[in-house]
Amino acid sequence: MTQPVSSSLTPRDTRPREQVAVFSIGQYSFVISAAAIQEIRSTDSLGGAVMDLDRPVLRKVRHIVERDSRSYYVVSGYEHFRLPQSRPTTVLILRNAPAAILVDQIEEMAEMRVLLALPHSFVGEERTWYRGLTVLDRRVLPVVNPIGFLSSRELKQLEDQNPGMLQFAAAARHQGGHV
Amino acid sequence: MSVDNSSHIPSFVVFQIGKRRVALSQNCVAELIASPVLFSFPHTSPLITGIVLRRGRIVPVMDLGPGLLGEPSPLARFFLVVERQIPNVSERCAIPVQGECELVSGSMLPAAERENFVIGTLDLNEEHIDILDLEKVIAAGATRITDSVPAAEALS
């Protein structure tokens, strides 16, 4: 995985490169490591694998989706990044977090050569949202932190208010039950 | 024998934000750039309106308007790159300014203003220019924005 460096590009970059996906939400583009993604699906293809949360304690999480006997909280990308409502058509199911992210679309797959640290002037939630910034096709784009979509505190809130639901969704689906 | 004292006279960069002319010590000013490409992405930090890429460095763009004027400053074509002194680190940021900047030398007079970010004044052809403490004016703007959000939410 590309390690963050200071906010300047080195003249001769010998660091390992990282495969990434570029996705968009509204007018903004973001980068995420390809290794962080388990699966990319169209929202239309999810169908009956989605169930509502009993108590949606977080504005950005209202559903659970089940894939391959595992369940994931569905995180609205535009709500997470505090953006105006967008039209998500794609879901990124993450590999190492129980989260599936609704995004508008995948723009491209690319190779990230450098990861620049977020300047210290940024002091808000973006320090959790992003691993840093990168430059692709002369654009400076934020590189999202996959585990930043749901903090451990948010996961605990969801589990406390919807006890066992994540496990139940997977079990019900696995047994052929209606979810 | 005469002694050249000119090197002891401090220099300041005078610039304009909205209708207000203010100054910063030359020591904290790096350069003036025109019409850079501005990139933006979602974040929640007050005052930051985007970033520019300058000589391979990511430079955040910070609007001093909220602190100085009580509102965002007008669109700008020029950006003054300054060195911030954040605790334990210094970092460059770009300030959108209206029009060009002026480098002047002169003595700093005591501040007559009540604003805590004004550390002195500069008498420039009988025009009094406020000299700013950069970190304090950034803090003042951030506080104004943070305070105004709950009020706006309460009214909505």
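Select strand S10 of chain A, residues 130-136, in this predicted model: the strand is mostly covered, with five of its seven residues buried. Extend the selection to strand S11 of chain A, residues 139-144, and you will see that S10(A) and S11(A) pair in the antiparallel sense over six bridges. To find the register of this pairing, pick A:Thr134, which stands opposite A:Leu141 in S11(A). The two strands form a hairpin with two residues between them, and in that turn A:Asp137 has a positive phi of about 50°.

From here, move to A:Leu116, which is found in the loop between strand S9 (105-112) and helix H2 (126-129) of chain A. Is A:Leu116 buried or exposed? A:Leu116 is buried, because 22 other C-beta atoms lie within 10 Å, where the cut-off for a buried residue is 20 or more. If you draw a distance from A:Leu116 to A:Arg138, the C-alpha atoms are 14 Å apart in space, while the two residues are 22 apart in sequence.

Next, select the six strands of the open sheet in chain A, whose order is S3-S7-S8-S6-S5-S4, with mixed pairing. The edge strands are S3 (37-42) and S4 (50-52) of chain A, each of which pairs on one side only. Turning the view so that you look across the strands, you can follow a twist that averages 30° from one strand to the next. Within this sheet, isolate strand S5 (residues 61-67) and strand S6 (residues 70-76) of chain A, which pair in the antiparallel sense over six bridges. A:Arg67 is a useful place to pause, since A:Arg70 in S6(A) stands opposite this residue.

Now colour the largest nonpolar core, which has 79 residues. Which residues have the most contacts inside it? They are A:Val75, A:Ala99, A:Ala100 and A:Ile101. Strand S8 of chain A, residues 99-103, gives the largest share of this core, five residues. In soluble globular proteins, nonpolar side chains tend to be buried together. Centre the view on A:Ala99 and show its surroundings: leaving aside its neighbours within four places in sequence, A:Ala99 is in contact with A:Tyr72, A:Tyr73, A:Val75, A:Leu94, A:Phe149 and A:Leu150.

Before leaving chain A, show the whole chain as a cartoon, in which four helices and 11 strands can be traced. Buried residues make up 34% of its 179 residues. Among the contacts in chain A between residues at least 6 apart in sequence, 60% join residues at least 24 apart.

Turn then to the boundary between the chains, where 19 residues of chain B are in contact with 20 residues of chain A. On the side of chain B that touches chain A, strands S4 (48-54), S5 (57-62), S6 (78-86) and S7 (89-105) of chain B each supply at least two residues. The largest share of that side, four residues, comes from S5(B). Colouring the same side of chain B by class gives 12 nonpolar, four polar and three charged residues.

Continue into chain B by selecting strand S1, residues 11-17, which pairs with S7(B) in the antiparallel sense over five bridges. Here B:Val13 has B:Leu103, in S7(B), as its bridge partner. S1(B) is also joined by six bridges to strand S2 (residues 20-25) of chain B, and these two strands run antiparallel. In that pairing, B:Val14 has B:Ala23, in S2(B), as its bridge partner. Follow S1(B) into the hairpin that it makes with S2(B), which has two residues between the strands, and stop at B:Gly18, which takes a positive phi near 60°.

Finally, display the whole of chain B, in which there are two helices and 10 strands. Read along the sequence, these follow the pattern β-β-β-β-β-α-β-β-β-β-β-α. Buried residues make up 33% of the 156 residues in chain B, and residues 24 or more positions apart account for 51% of its contacts with a separation of 6 or more. If you colour this chain by confidence, keep in view that its mean pLDDT is 88 and that 89% of its residues reach 70 or more. For the model as a whole, the scores are ipTM 0.87 and pTM 0.85.

Conventions: Residues are numbered from 1 along each chain as its sequence is written. Chains are lettered from A and ligands numbered from 1 in the order in which they are written. This is a predicted model: local features need pLDDT of at least 70, side-chain atom pairs count only at pLDDT 80 or more; totals for chains, interfaces and linings use all residues. Two strands pair if DSSP finds at least two bridges between them. Axes are lines fitted to C-alpha atoms, for helices over the stretch in contact, and angles run from 0 to 180 degrees between N-to-C directions. Two residues are in contact if their C-beta atoms, placed from the backbone, lie within 7 Å. Ala, Val, Leu, Ile, Met, Phe, Trp, Tyr, Cys and Pro count as nonpolar, Asp, Glu, Lys and Arg as charged, and the others, Gly among them, as polar. A residue is buried if 20 or more other C-beta atoms lie within 10 Å of its own, exposed if 12 or fewer, and partly exposed in between; C-beta atoms are placed from the backbone. pLDDT is the predictor's confidence in each residue, from 0 to 100. A nonpolar core is a set of buried Ala, Val, Leu, Ile, Met, Phe, Trp, Tyr and Cys residues joined through C-beta atoms within 7 Å.
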